[in-house]
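Grab your viewer and work through these exercises with the model loaded. Each one sets a task, then walks through the solution.

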Amino acid sequence: MAHPTQLGFQDAASPVMEELLHFHDHALMIVLLISTLVLYIITAMVSTKLTNKYILDSQEIEIVWTILPAVILVLIALPSLRILYLMDEINDPHLTIKAMGHQWYWSYEYTDYENLGFDSYMIPTQDLTPGQFRLLETDHRMVVPMESPVRVLVSAEDVLHSWAVPSLGVKMDAVPGRLNQTAFIASRPGVFYGQCSEICGANHSFMPIVVESVPLEHFENWSSLMLEDA
């Protein structure tokens, strides 16, 4: 999860987020090179009194500064489009979970099981135990098996919400009357935090998302216990 004074992204916990981090570094390097070149040209123009008469009217340099930006845009667009298609790809999910946004909590339903669902509320500050994070912990976590494709169906019951977990590279709007879907693969065990990312009312800041990734055997034990309690 994020920590104070952090400048970069959170550590990737899914293949898609790793791709997004690589693309971010790729685009940032291009921006850095362009900024350095422009700063150098501005500095040179301001600091010298000499004028090159061949640059004042040069067909060659006009061709270069027309074609070069187009090439740079292609170098940015191609990997970007590739990642967009990867994010939309949902191949044979092993588990489907329906996440419903409410004012102001999330409810989860494991549609592959007959009676497995629960509401997930934020734990109030006064009820937190040592080591838990304020405004991020919930009384019920969304538990998923690691290294398994998970499909999440996202909708809302009242107003617009957005189901977002940065470490997994997932963000999907929850729209009343509409069923959106996204997918992710948790590549390692861990607890990953997110929050509603669409302003949804007075308590918008108080409906966190907690995804816990566990080995498949542990997930099966957890689901059996939850079904017994139901």
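**Exercise 1. Find which residues Ser148 is in contact with, leaving aside its neighbours within four places in sequence.**

Step 1: place the residue. Ser148 sits in the loop between E4 and E5; helices (H or I, at least four residues) and strands (E, at least two) are DSSP runs, numbered from the N terminus.

Step 2: list the partners. With contact taken as heavy atoms within 4.5 Å, Ser148 touches His94, Phe184 and Ile185, once neighbours within four places in sequence are set aside.

Step 3: check burial. The classes are buried (under 20% relative accessible area), exposed (over 50%) and partly exposed in between, using a 1.4 Å probe and protein chains only. Ser148 has 8% relative accessibility, so it counts as buried.

A note on the ground rules: this is a predicted model, where local features need pLDDT of at least 70 and side-chain atom pairs count only at pLDDT 80 or more, while totals for chains, interfaces and linings use all residues. Residues are numbered from 1 along each chain as its sequence is written, and side-chain values use heavy atoms, with hydrogens and water left out.

**Exercise 2. Look for unusual backbone geometry at Glu147, Leu135 and the Gln103 to Trp104 bond.**

Step 1: recall the background. Most residues other than glycine have a negative phi, and most peptide bonds are trans.

Step 2: check phi. Glu147 has a positive phi, near 55°, and belongs to the loop between E4 and strand E5 (149-156). Its relative accessible area is 56%, so Glu147 is exposed. Leu135 also has a positive phi, near 70°, in the loop between strand E3 (117-120) and strand E4 (142-145).

Step 3: check omega. The peptide bond joining Gln103 and Trp104 is cis, with omega about -5°. Trp104 falls in the loop between strand E1 (95-102) and strand E2 (105-110).

**Exercise 3. Work out how E1 pairs with E2 and E5.**

Step 1: apply the rule. Two strands pair if DSSP finds at least two bridges between them.

Step 2: take E5. E1 and E5 run parallel and are joined by seven bridges, with Ile97 opposite Val152 in E5.

Step 3: take E2. Here the strands run antiparallel, and six bridges link E1 to E2. Ile97 stands opposite Tyr110 in E2, and E1 and E2 make a hairpin with two residues between them.

Step 4: check cover. Seven of the eight residues of E1 are buried, so this strand is largely enclosed by the rest of the structure.

**Exercise 4. Which residues touch the most other members of the largest nonpolar core?**

Step 1: define the set. A nonpolar core is a set of buried Ala, Val, Leu, Ile, Met, Phe, Trp, Tyr and Cys residues joined through side-chain atoms within 4.5 Å.

Step 2: name the hubs. Among 34 residues, those touching the most other members are Tyr108, Tyr110, Met142, Trp163, Leu168, Phe184 and Val211.

Step 3: trace the contributors. At least two residues each come from E1, E2, E4, E5, strand E6 (161-165), strand E7 (170-174), strand E10 (208-214) and helix H4 (216-229). E5 gives the largest share of this core, four residues.

Step 4: zoom in on a hub. Not counting residues up to four places away in sequence, Val211 touches several residues, including Met142, Trp163, Leu168 and Phe184.

**Exercise 5. Track down salt bridges and say what they tie together.**

Step 1: set the criterion. A salt bridge is a side-chain nitrogen of Lys or Arg within 4 Å of a carboxyl oxygen of Asp or Glu. The whole structure has five.

Step 2: take Glu19 and Arg82, whose side chains meet at 2.9 Å, N to O. Glu19 is in helix H1 and Arg82 in helix H3 (residues 59-88), so the pair ties together parts that are 63 residues apart in sequence.

Step 3: take Arg141 and Glu212, paired at 3.4 Å, N to O. Arg141 lies in the loop between E3 and E4 and Glu212 in strand E10, so this pair ties together parts that are 71 residues apart in sequence.

Step 4: take Asp173 and Lys171, which form a salt bridge at 3.9 Å, N to O. Finally, salt bridges with shared partners join Glu137, Arg141 and Glu212 into one network.
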